Amino acid sequence: MQRRTAGLATALGLLAVPHFPGTLEGAAEASVPVRASTEGRIRLLVASGRPEAPAPVSVFPVRGRHELGSAINGFGGGRGHEGQDIFAACGTRVVAARAGRVVEAATAGNEGNYAVVEDADGRQQAYLHLLGPSPARKGDRVGAGERIGKVGATGNADGCHLHFELWTAPGRFTGGRAMNPRPALDRWASEA
Ligand SMILES: [Zn+2]
């Protein structure tokens, strides 16, 4: 019941209905002078039972203190680097930057433990050098902010860091093109 009330109060707030003094309970029970169409929308919002804050569309993939290193750690730095290194303590949580489907979750020589997530548009995100095998399995759907693993140094990695790549459709080594993930990372960091 409390949830319904809070949801209704939020809906009212979003719709800029005049503020009612007193408790949320009181506000919900007050006779609110809203138009029929507005009432319908409130009912929908309440009935959906969604959390009050919408799920994020994108998030910074390393959830903890981090730094981006120098030019050599950026896209195109040293030996055709195809991603951005994000340094953080080994064990720092790594999450999906964008929602999508896990198309690879494996261990390889250079990548170490890694995972690749493909979004609805066919673009891919790659997460390399994870501490242990990703808890995500091939075929899983992950939302932005859902766990991919932990920062590690497996594979060809010098120190604990996430090597993060963004690929255009149709994806990593399957015809797509690696793009500089730095602008997106900077945007996500500023939104955090
Ligand atoms: Zn790297």
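Q: Is strand 9 (residues 161-167) largely enclosed by the rest of the structure or exposed?

A: A residue is called buried if 20 or more other C-beta atoms lie within 10 Å of its own, exposed if 12 or fewer, and partly exposed in between, with C-beta atoms placed from the backbone. Strands here are DSSP runs of E at least two residues long, helices are H or I runs of at least four, and both are numbered from the N terminus. In strand 9, 7 of the 7 residues are buried, so the strand is largely enclosed by the rest of the structure. Keep in mind that this is a predicted model, where local features need pLDDT of at least 70, side-chain atom pairs count only at pLDDT 80 or more, and totals for chains, interfaces and linings use all residues. Residues are numbered from 1 along each chain as its sequence is written.

Q: Which residues point one way from strand 9, and which the other way?

A: In a regular strand the side chains alternate between the two faces of the sheet. Here His161, His163, Glu165 and Trp167 point one way, while Leu162, Phe164 and Leu166 point the other. Both sets are buried.

Q: Which strands pair with strand 9?

A: Two strands pair if DSSP finds at least two bridges between them. Strand 2 joins strand 9 through 4 antiparallel bridges, and aspartate 85 sits opposite histidine 163. Strand 6 (residues 124-130) is also antiparallel to strand 9, over 5 bridges, with alanine 126 facing glutamate 165. Then there's strand 10 (residues 178-179), antiparallel again with 2 bridges, where alanine 178 is the bridge partner of tryptophan 167.

Q: What is the strand order in the open sheet of 3 strands?

A: The order is 1-3-8, with antiparallel pairing. Strand 1 (62-63) and strand 8 (147-150) are at the edges with a single partner strand each, so one side of each has no neighbour in the sheet. Strand 1 meets strand 3 (residues 93-95) through 2 bridges, and valine 62 has valine 94 as its bridge partner.

Q: Where does threonine 92 lie, and what does it touch?

A: Two residues are in contact if their C-beta atoms, placed from the backbone, lie within 7 Å. Threonine 92 is in the loop between strand 2 (84-87) and strand 3, and it counts as buried because it has 20 C-beta neighbours inside 10 Å. Setting aside residues up to four places away in sequence, threonine 92 touches Val62, Arg63, Gly64, Lys150 and Val151. Its C-alpha is 5.4 Å from that of lysine 150, 58 residues apart along the chain.

Q: How many residues has the largest nonpolar core?

A: In soluble globular proteins, nonpolar side chains tend to be buried together. A nonpolar core means a set of buried Ala, Val, Leu, Ile, Met, Phe, Trp, Tyr and Cys residues joined through C-beta atoms within 7 Å. The largest one has 23 residues, and those with the most contacts inside it include Val62, Val94, Tyr127 and Leu162. Strand 5 (112-118), strand 6 and strand 9 each give two or more residues to this core. Beyond four places in sequence, leucine 162 touches residues including Pro61, Val62, Val94 and Tyr127.

Q: What is the mean pLDDT of the protein chain?

A: pLDDT is the predictor's confidence in each residue, from 0 to 100. The chain's mean is 81, and 73% of its residues reach 70 or more. Over residues 1-46, though, pLDDT stays under 50.
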